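Q: Got a minute to go through this chain with me? I'd like the overall picture, then a look at one helix pair.

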Amino acid sequence: MRFDVTGKVSLDHIYDQPDPRTYFRALRPLDYGVPQQAKPYFSKIITEYRDSQHVAVPKVLDIGCSYGINAALLKYDATMDELYARYGDEERAGESREALLARDRELARSRQPPQAIRFVGLDTSGSALSYARDAGFLDDVVHADLEEHEPTPRQRSQLSGTDLVISTGCVGYVTERTLTRVVRAQGGRRPWMAHFVLRMFPFDSVERTLAGLGYRTVRVDEVFRQRRFASPQEQARVLDGMSAAGVDSRGLEAEGWLYAQLHLSRPYDIAGTDDSNREQS
């Protein structure tokens, strides 16, 4: 079992496959479910944006989108249990990629989206992006590493006009460098943001950078189970890192689960936002 520099087990191989089956089979034993927990929060902020900004079809940028999981949940009201059954069952092991895509396209055709949303995915995995686009989950894809590189003119055009930026677990690997480049691609507009961030990753530098770009960040009080630790070794490595950073893991990560918190960032000039049940980060 290999570990990355953060102490987490390396799951890089599940993000660069021609279809999502390896992803779901690897994560099912770990009870990975944060996209399902994120779904009502994302849905709420999308509705708030649509109503307050008078945008009929918000453009949502999902950073670290992989196979378009958040898009499938929000655009077509899918559930994580449904997706685990769709891709993780052994009876699907022999299906071709085209057969999987055909079933996903039918899902996209047959379900009336509960909300009209345009989804753009940003990821470093071209194969995951390709599947999500071909399945109809994502409306556009940006294959880029904005940690290392400025967006190309075409990528900047794809990113422009973003209304909301979301993520479920990539912040920590993705930093303020990517978020700054996304904001600067807007030409003066500032999209709202909602990031589910593992507690093991400090958000301070991201918050400071966003403040410099004109954002106020609040943190939802609730914590969200992301997944079980893959092994005692992974748990020990993560807990050691959290302890060194001064983060108390008692009652949470110490009990065997990785936990995330939701950080909401909106422009300072957005008045009347509901900050109930939230505390400032």
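A: Here are answers on the whole chain and then on one helix pair; the model is predicted.

Q: Fine. How many helices and strands are in the chain?

A: The chain has 10 helices and eight strands.

Q: What is the radius of gyration, and what would a compact globule have?

A: The chain has 18 Å, and a compact globule of 281 residues would be near 19 Å, so the two agree. The C-alpha trace spans about 55 × 45 × 35 Å along its principal axes.

Q: What share of the residues counts as buried?

A: Of the 281 residues, 52% count as buried. The exposed area of the chain is about 12300 Å², with 47% of it supplied by carbon and sulfur atoms.

Q: And contacts in the chain: what percentage join residues at least 24 apart?

A: That is 79%, counted among contacts between residues at least 6 apart in sequence.

Q: Switching to helices 5 and 6. At what angle do the axes cross?

A: Roughly 50 degrees, and the axes come within 8 Å. Helix 5 covers residues 97-110 and helix 6 covers residues 126-135. Angles of 65 to 115 degrees would count as roughly perpendicular and those under 35 as roughly parallel; helix 5 and helix 6 are therefore oblique to each other.

Q: Which residues make the contact?

A: From helix 5, Arg97, Leu100, Leu101, Asp104, Arg105 and Ala108; from helix 6, Ser130, Tyr131, Asp134 and Ala135.

Q: How does that split by class?

A: The contact of helix 5 with helix 6 has five nonpolar, four charged and one polar residue.

Definitions and conventions
Residues numbered from 1 in each chain as written. Predicted model: local features only at pLDDT ≥ 70, side-chain atom pairs only at ≥ 80, totals over all residues. Heavy atoms only, no water. Axes fitted to C-alpha atoms, helices over the stretch in contact; angles between N-to-C directions. Helix = DSSP H or I, 4+ residues; strand = E, 2+ residues; numbered from the N terminus. Parallel < 35°, antiparallel > 145°, perpendicular 65-115°, else oblique. Contact = heavy atoms within 4.5 Å. Nonpolar A, V, L, I, M, F, W, Y, C, P; charged D, E, K, R; others polar. Rg over C-alpha atoms; globule rule 2.2 N^0.38 Å. Buried < 20%, exposed > 50% of the residue type's maximum accessible area, 1.4 Å probe, protein only. Areas by Shrake-Rupley, 256 points an atom, 1.4 Å probe, with all protein chains shown as cover.
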